[in-house]
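Thanks for coming, everyone. I would like to walk through one chain this morning, taking its strands and helices in turn, and I will leave the methods for the note that follows.

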Amino acid sequence: YVCVDCTICCCRFLQSGAEAVDACTWHHYYVNGRDTSLEDFLDPEILDTLALKTKEVLQKVKLVSPEKPVWLGETSSAYGGGAVGLSDTFAAGFMWLDKLGLAATLGLDVVMRQVLIGSGSYHLVDDNLDPLPDYWLSLLYKTLVGPEVLRVEFSSLARSKTVRLYLHCSTRLRYQRGAVTLMSLNLSEKPASVCLPPLTPPLTVDAFILQPGEGGLYSRSVQLNGALLKMEDDQTLPDLSASRLPPSDRLQLPAFSLAFFVLTDAKAAACL
């Protein structure tokens, strides 16, 4: 969801006032929170609309101010305050993680989430300040994913609309140089697998697999590698522990899951 008039106004401003701002920002939501559905939150075609809108904005800004960065200045799943019973549940994580991965791939340096607390149904923490699923997803993203974007290649036979992948250098706060993090989404009710390139010796992989808590996709809680994520106390986050996978040429994605796979000894040249 993009206000075209706002985009036009932004471009008119940049024609004369570009030097007064650090970046051009715009807002994006996928659907109307008042009449959306669970199916919309899992629809690859709806997720792909972000790429179309982003390219439109980038093109307009480039025409009048080629050097000006473009940021996603306000964004979430559904406009109108979010979708009740969806925007604060596990289901919303598919839109959120895909947006983070796709925005980085398209060259957006900054993504500003709407909103931390209150203001509709798309908040990251509830009224008791307990984290909701997208908070845990955001925390894992910041913990594992570095700023360098890498390319993921699919074979023509393996390409799938319901499995979406994004690859980054891993953050050096937690992993050594050369490590890479594969962000994975399985939008299907069936398990899926991702093939790794044949390497000798096989890569060591740390897995962080997110699945819904009680209530399925409508759950307001999330499990990490089978353990429910919750605060230790009012101030202490839990340990976000990986599951070390045995050597294999495939990564397994459970049905309706979100995952971060860290290839700790990939020694990717771009990440050294």
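A207 stands opposite F261 in strand β15, and that pair is a convenient place to enter this model, which, I should say at once, is a predicted one. The strand that pairs with β15 here is β10, and the two, covering residues 205–212 in β10 and 257–263 in β15, run antiparallel and are joined by 6 bridges.

β10 has further partners. Strand β13, residues 243–245, is joined to β10 by 3 bridges, again in the antiparallel sense, and within that pairing V205 has L245 as its bridge partner. Strand β11, residues 222–224, is likewise antiparallel to β10 and joined to it by 3 bridges, with V222 in β11 as the bridge partner of P212. Is β10, then, buried or exposed? Of its 8 residues, 7 are buried, and therefore the strand is largely enclosed by the rest of the structure.

Let me turn to another sheet, where the pairing is parallel. Three strands form an open sheet in the order β1-β3-β5, and the pairing is parallel. The edges are occupied by β1, residues 24–28, and β5, residues 111–113, and because each of these has a single partner strand, one side of each is left without a neighbour in the sheet. If we ignore direction, neighbouring strands of this sheet are turned against each other by 25° on average. Looking at one of the pairings in detail, β1 and β3, the latter spanning residues 70–75, pair in the parallel sense over 5 bridges, and T25 has W71 in β3 as its bridge partner.

Two helices pack on this sheet. Helix α3 touches β1 and β3, and its direction makes about 155° with that of β1, while helix α4 touches β1, β3 and β5, its direction making about 160° with that of β5.

Those two helices also meet each other. The axes of α3, residues 44–64, and α4, residues 92–106, come within 10 Å and cross at roughly 35°, and the crossing is right-handed. On the α3 side the residues in contact are I46, L47, L50, A51, T54, K55 and L58, and on the α4 side they are F94, M95, D98, K99, L102 and L106. By class, this contact divides into 9 nonpolar, 1 polar and 3 charged residues.

What does α4 do with helix α5, residues 133–144? Their axes come within 10 Å and cross at roughly 25°, and since an angle under 35 degrees counts as roughly parallel, α4 is therefore described as roughly parallel to α5. This crossing, too, is right-handed. A92, G93, W96, L97 and L100 in α4 meet D134, L137, S138 and Y141 in α5, and the residues of that contact comprise 6 nonpolar, 2 polar and 1 charged.

Finally, a word about a single loop residue. G80 is found in the loop between β4, residues 78–79, and α4, and at 45% relative accessibility it counts as partly exposed. How far is the C-alpha atom of G80 from that of R244? The two residues are 164 apart along the chain, and their C-alpha atoms are separated by 41 Å. R244 falls within the residue range of β13, which brings us back to the neighbours of β10, where we began.

Note on methods
Residues are numbered from 1 along each chain as its sequence is written. This is a predicted model: local features need pLDDT of at least 70, side-chain atom pairs count only at pLDDT 80 or more; totals for chains, interfaces and linings use all residues. Side-chain values use heavy atoms; hydrogens and water are left out. Axes are lines fitted to C-alpha atoms, for helices over the stretch in contact, and angles run from 0 to 180 degrees between N-to-C directions. Helices (H or I, at least four residues) and strands (E, at least two) are DSSP runs, numbered from the N terminus. A crossing is left-handed if the near helix is turned anticlockwise from the far one by less than a right angle, and right-handed if clockwise. Contact means heavy atoms within 4.5 Å. Ala, Val, Leu, Ile, Met, Phe, Trp, Tyr, Cys and Pro count as nonpolar, Asp, Glu, Lys and Arg as charged, and the others, Gly among them, as polar. Buried means under 20% relative accessible area, exposed over 50%, partly exposed in between (1.4 Å probe, protein chains only). Two strands pair if DSSP finds at least two bridges between them. Angles under 35 degrees count as roughly parallel, over 145 as roughly antiparallel, 65 to 115 as roughly perpendicular and the rest as oblique.
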